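I opened a fresh page for this chain. My aim was to look up its cross-links, charges and strand pairings, one at a time.

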Amino acid sequence: QVQLVESGGGLVQPGGSLRLSCAASGRIFTIADMGWYRQTPGKQRELVATINDGSTNYADSAKGRFTISRDNAANTVYLQMNSLKPEDTAVYYCRGQIRTLATPLLKIDYWGQGTQVTVSS
């Protein structure tokens with residue numbers, strides 16, 4: 001089994017910063033793409049940022065304010081969020097595209113349980 005566990009969410013004032021972490025554990029062979037997504041009530045989950053082999057991709061809303069990074073040795077992905085705005089309020093989910101020891105030829109998407117980020121004064 002594989003688990004992704006997010007941490008670092010919380011309440012922050014507009015203009016503040018938060019750092020989210022997501023650690024993958026279990027019978028992992030390799031991890032390809034990792035990313036962060038967010039969702040608000042009544043809306044579809046949307047891409048925030050992804051990272052693979054050092055190449056990053058950001059949603060327009062995240063460019064210049066958020067930075068995604070990764071520690072491959074620890075199977076962990078981070079999202080540094082600066083200059084936070086009320087519209088960044090959402091549940092943030094981590095995703096990992098993982099080959100497990102049981103199925104090393106298959107890349108399977110695994111998701112974390114989500115962490116709430118609330119930006120409010």
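**Entry 1: charges around Arg-95**

I started with Arg-95, which forms a salt bridge with Asp-109, their closest N and O atoms 3.0 Å apart. The two are distant in the chain: Arg-95 is in strand E9, Asp-109 in strand E10, with their positions 14 residues apart. I note here that the model is predicted.

Next I asked how accessible each partner is. Arg-95 has 7% relative accessibility and counts as buried. Asp-109 has 41% and counts as partly exposed. I needed the cut-off for that: buried means under 20%, and exposed means over 50%.

I then looked at Arg-95 again and found a salt bridge to Asp-33, at 2.4 Å from N to O. This pair also links distant parts of the chain, with Asp-33 in strand E4 and Arg-95 in strand E9, 62 residues apart. Asp-33 is buried, at 15% relative accessible area. So I have Arg-95 down twice, once with Asp-109 and once with Asp-33.

**Entry 2: the other salt bridges**

How many salt bridges does the structure hold? I got six. One of them joins Arg-38 and Glu-46, with 2.7 Å between the closest N and O atoms. Arg-38 is buried, with a relative accessible area of 7%. Glu-46 is partly exposed, at 37%.

I followed this pair outward. Salt bridges link Arg-38, Glu-46, Arg-65 and Asp-88 in a network. I logged the four names together.

**Entry 3: the disulfide**

I searched for disulfides and found one. Its partners are Cys-22 and Cys-94, with sulfur atoms 2.1 Å apart. The cut-off I applied is 2.5 Å. I also read the angle about the S-S bond: it is -75°, and the link of Cys-22 and Cys-94 is left-handed.

What does the pair tie together? Cys-22 lies in strand E3 (residues 18-26) and Cys-94 in strand E9 (residues 90-100), so the link joins parts that are 72 residues apart in sequence. A disulfide is a covalent bond between the sulfur atoms of two cysteines.

Then I checked burial for both ends. Cys-22 is buried, at 0% relative accessible area. Cys-94 is buried too, at 0% relative accessibility.

**Entry 4: strand E9**

E9 kept coming up, so I gave it an entry: eight of its eleven residues are buried, and the rest of the structure largely encloses it.

Which strands pair with E9, and over how many bridges? I wrote out three rows.

- Strand E4 (residues 28-39) pairs with E9 in the antiparallel sense, over nine bridges. Thr-30 has Arg-99 in E9 as its bridge partner.
- Strand E10 (residues 108-111) is antiparallel to E9, with four bridges. Gln-97 has Asp-109 in E10 as its bridge partner.
- Strand E11 (residues 115-119) runs antiparallel to E9, with three bridges. Val-91 stands opposite Gln-116 in E11.

I compared this with the first entry. Asp-109 is the bridge partner of Gln-97, and its side chain makes the salt bridge with Arg-95. The salt bridge of Asp-33 and Arg-95 runs between E4 and E9, and those strands also pair.

**Entry 5: rings and charges**

I searched the whole structure for aromatic pairs and found one. I then turned to charges over rings. The charged end of Arg-19 sits over the ring of Tyr-78, 4.0 Å from its centre. Arg-45 lies over the face of Tyr-93, at 3.7 Å from the ring centre.

**Entry 6: Gly-8**

Where is Gly-8? I placed it in the loop between strand E1 (2-7) and strand E2 (10-12). Gly-8 counts as partly exposed, with 34% relative accessibility.

I listed its contacts, leaving out residues up to four places away in sequence: Gly-8 touches Leu-18, Arg-19 and Leu-20. One of these, Arg-19, is the residue I had noted over the ring of Tyr-78.

Last, I took a distance from Gly-8 to Val-77. They are 69 residues apart in sequence and 12 Å apart in space, C-alpha to C-alpha. I closed the page there.

Notes. Residues numbered from 1 in each chain as written. Predicted model: local features only at pLDDT ≥ 70, side-chain atom pairs only at ≥ 80, totals over all residues. Heavy atoms only, no water. Buried < 20%, exposed > 50% of the residue type's maximum accessible area, 1.4 Å probe, protein only. Pairing = 2+ DSSP bridges. Phe/Tyr/Trp six-rings, centres within 6.5 Å; stacked < 30°, edge-to-face > 60°. Lys NZ or Arg CZ within 6 Å of the ring centre and 35° of its normal. Salt bridge = Lys/Arg side-chain N within 4 Å of Asp/Glu carboxyl O. Contact = heavy atoms within 4.5 Å.
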